[in-house]
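Colleague: I would like to go through this structure slowly, one question at a time. Could you explain how each answer is reached?

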Amino acid sequence: MLPLKEKDRPIVKKLLEAGCCARCVLRFCCLGVQSAYRQSYEDTARELCAFVSDKENNGSQDAAVLEQHKEDPPSKKMKMDAAETDVQSEGDSAVVATVMEEGDAEPADSDVCVVCLGVLQQFCDEISEVVKAKNYQFDTMVLSVSLPAQLSVREVSGYIFIVSQQNVFTRMAVVKALEKVSDEKFLKKFPCPPTRPASKCIAQDVQCLHVSIFVAGRYNKFSRTLPQTPWVIDGERRMESSVEELIAAPLLSSFRAEGFNFSSSGREDVDVRTLGNGRPFALELLNPHRAKFNKAEVRQLQETINQSSDKIRVRDLQIVSRDAMGHMKEGEEDKTKSYTALIWTQKAINKDDITFLEETKELKLAQKTPLRVLHRRPLAVRERVIHTMSTCFLDAHHFHLKLRTQAGTYIKEFVHGDFGRTKPNLCDLLKTETDILELDVESVDVDWPPSIPE
Amino acid sequence: MEDMEHNKAPSVIDRYYTRWYKTDIKGKDCEDQCVLQHSNRICVITLAESHPILQNGRSIKSINYQISAGCSRLHNRVSGKSKRGGQFLTEFAPLCRITCTDGVEYTIYSCIRGRLLEVNEDILERPELLLGKPSTEGYIAVILPKIEESKTVTNGLLSREEYESVVSKRTKSTQPEPQPEPQPEPEPC
């Protein structure tokens, strides 16, 4: 599937008619994704023809033009050829040749691309034959290609062709041109004063946008099966609901907003609870139709959120300014957090075996990026500090470990060691294999947003 | 009080990784490796518990990540989220060569296609990690398969059940102790 847009259609059509090969057409459409160029030449050509003829099948031309230019001022309309011929895609073979014949009186005796001279068409077949014939043994290879200079000329020619197809009468262009025109020249071409128009100017589209409203607060998460943001893979939702949706839903409807951006001072895993005063968050409500709420109404909103689900709880809900977001992200870097973890030990332990942890202060850790997030984070070693710890013995293989740590410390990895990539870890300290069975966030030590007495 | 091994609910590996195996790699008896595939597609390469290095109380003399004149896995560098620069490996790309104190040399292979993210440098200083904890702190390397290959990357590998049946078939056919090879073949890079 080629990620082409509506606005590309006229360009694709014109280029194909001019004798441009499928892959050069993609280049002129600024398609940067490699996989588009890896599919076979025939498939690419076929998809392009289908793309162009698709337009003829989609309703009226005018509708299509308006839809694609919602954001552009009307003067940026693509100039459409009055006499367009239908481009049929006739089966798999000789697709490019078919398009060529439909165009102007261009000689259709070869389907060599007018821009790349065939380099991006079936070039590689010849080359691979030569490589095979030379019979080297190798595992990898590098292919370098020196292109003839005329390719650069042809590319510019193609580019100028495309640009000339578009409407040059943009507002900027007109203003600039007018600056260069002298008064006499202007008078020659245009009546002064201007003529009376037949009809008035009509607004094609009127859009309204209210500034965003920011709502902040702190949230608790009591469920171990609730993600912070929606968990969707391949279009399928993997877990029901999310913290942000539960908080946003009542707000979206009360503020009559069209959308939201949720952000928080750090976040916790799906299986981790957030207790204590909760985690600071801020919600940007986009294009709210209602913006004024007094304190009592905000308190009511908070109640509504809290009644809607027992998985989360919100406190200190308040409307704040845009600077809010900044305060919150500050907290993420420098403030401390405290946790309680339920630890399992392989070796049997007694109370005395763990008391030394209480004396351990400012423990410096070197944490390599945990394997569980390494697919989306850069590989690095992060130094983090565990400020204090305390323990609560449960039985020979379990105890509660409370920790106060620097922001950004991976607790789970400190406990099980992550293949020894977090050092030191609890296994090292206790000299036994340890694992973390449960984790709770007890506090996020950021003193923002200001607390609202209930 | 006895220090008994305490079995509990699934371990970190059980919870987040799937175990895959390659046995008798390159036709060599019992040279088995394990690929721990995380649910996020990252793979950790380790020795399987049946590998000769882990049998009969052997000791390791040296571990060498320099697999050819021009290529050392220690020089592997990745940068950024997309891990640019990491050496791209195919299934039989050597990761390291391990020589035991009895003189036998073993080559450890990638087993999967992907970008090398890191090799375990701790085992260079503390080879006992490889012997004592081959599935955790004694891991060999971490590899990131291409995202479009994340489902097919384990196609040539055995599941845990298949591996166990291969191993049990071996002990049934009175297998002699793995003989030290007189001359290990030089492996291309």
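Modeller: What follows is a set of questions and answers on a predicted model.

Colleague: Is Leu251(A) buried or exposed?

Modeller: Leu251(A) belongs to helix α11, which covers residues 243-255 of chain A. Its relative accessible area is 0%, and a residue counts as buried when that value is under 20%. Leu251(A) is therefore buried.

Colleague: How many Å apart in space are Leu251(A) and Leu301(A), C-alpha to C-alpha?

Modeller: Along the sequence, 50 residues separate Leu251(A) from Leu301(A). The separation in space is a second value, taken from C-alpha to C-alpha, and for this pair it is 7.2 Å.

Colleague: Is Leu143(A) buried, partly exposed or exposed?

Modeller: Leu143(A) sits in the loop of chain A that runs between α7 (123-134) and α8 (150-165). Buried residues have under 20% relative accessible area and exposed ones over 50%, with partly exposed in between. Because its relative accessibility is 49%, Leu143(A) counts as partly exposed.

Colleague: What is the approximate area of the nonpolar surface patch that includes Leu143(A)?

Modeller: Leu143(A) contributes to this patch together with Tyr136(A), Phe138(A), Met141(A), Val145(A) and Leu147(A). A residue needs over 30% relative accessible area to be part of a patch, and Leu143(A) has 49%. The nonpolar patch made by these residues has an area of about 650 Å².

Colleague: Which residue in β10(A) is the bridge partner of Cys392(A)?

Modeller: Strand β9 (residues 381-395) of chain A pairs with β10(A) in the antiparallel sense, over eight bridges, and a hairpin of two residues joins these strands. Strand β10 (residues 398-406) of chain A also pairs with β7 (residues 336-345) of chain A, again antiparallel, over nine bridges, where Ser338(A) is partnered by Arg404(A). For Cys392(A), the bridge partner in β10(A) is His400(A).

Colleague: Turning to chain B, which are the edge strands of the open sheet with the order β4-β8-β9?

Modeller: This open sheet of chain B has three strands with antiparallel pairing. An edge strand here pairs on one side only, and in chain B that holds for β4 (60-64) and β9 (105-109).

Colleague: What is the average twist from one strand to the next in that sheet?

Modeller: Within the sheet, β8 (residues 94-100) of chain B is joined to β9(B) by five bridges, the two running antiparallel, and one of the bridge pairs is Ile98(B) with Tyr106(B). In the order β4-β8-β9 of chain B, the twist from one strand to the next averages 20°.

Conventions
Residues are numbered from 1 along each chain as its sequence is written. Chains are lettered from A and ligands numbered from 1 in the order in which they are written. This is a predicted model: local features need pLDDT of at least 70, side-chain atom pairs count only at pLDDT 80 or more; totals for chains, interfaces and linings use all residues. Side-chain values use heavy atoms; hydrogens and water are left out. Patches are made of residues with over 30% relative accessible area and no salt bridge: like charges are joined within 9 Å, nonpolar side chains (Val, Leu, Ile, Met, Phe, Trp, Tyr) within 5 Å. Accessible areas come from the Shrake-Rupley method with a 1.4 Å probe; for residues, only the protein chains shown count as cover. A salt bridge is a side-chain nitrogen of Lys or Arg within 4 Å of a carboxyl oxygen of Asp or Glu. Helices (H or I, at least four residues) and strands (E, at least two) are DSSP runs, numbered from the N terminus. Buried means under 20% relative accessible area, exposed over 50%, partly exposed in between (1.4 Å probe, protein chains only). Two strands pair if DSSP finds at least two bridges between them. Axes are lines fitted to C-alpha atoms, for helices over the stretch in contact, and angles run from 0 to 180 degrees between N-to-C directions.
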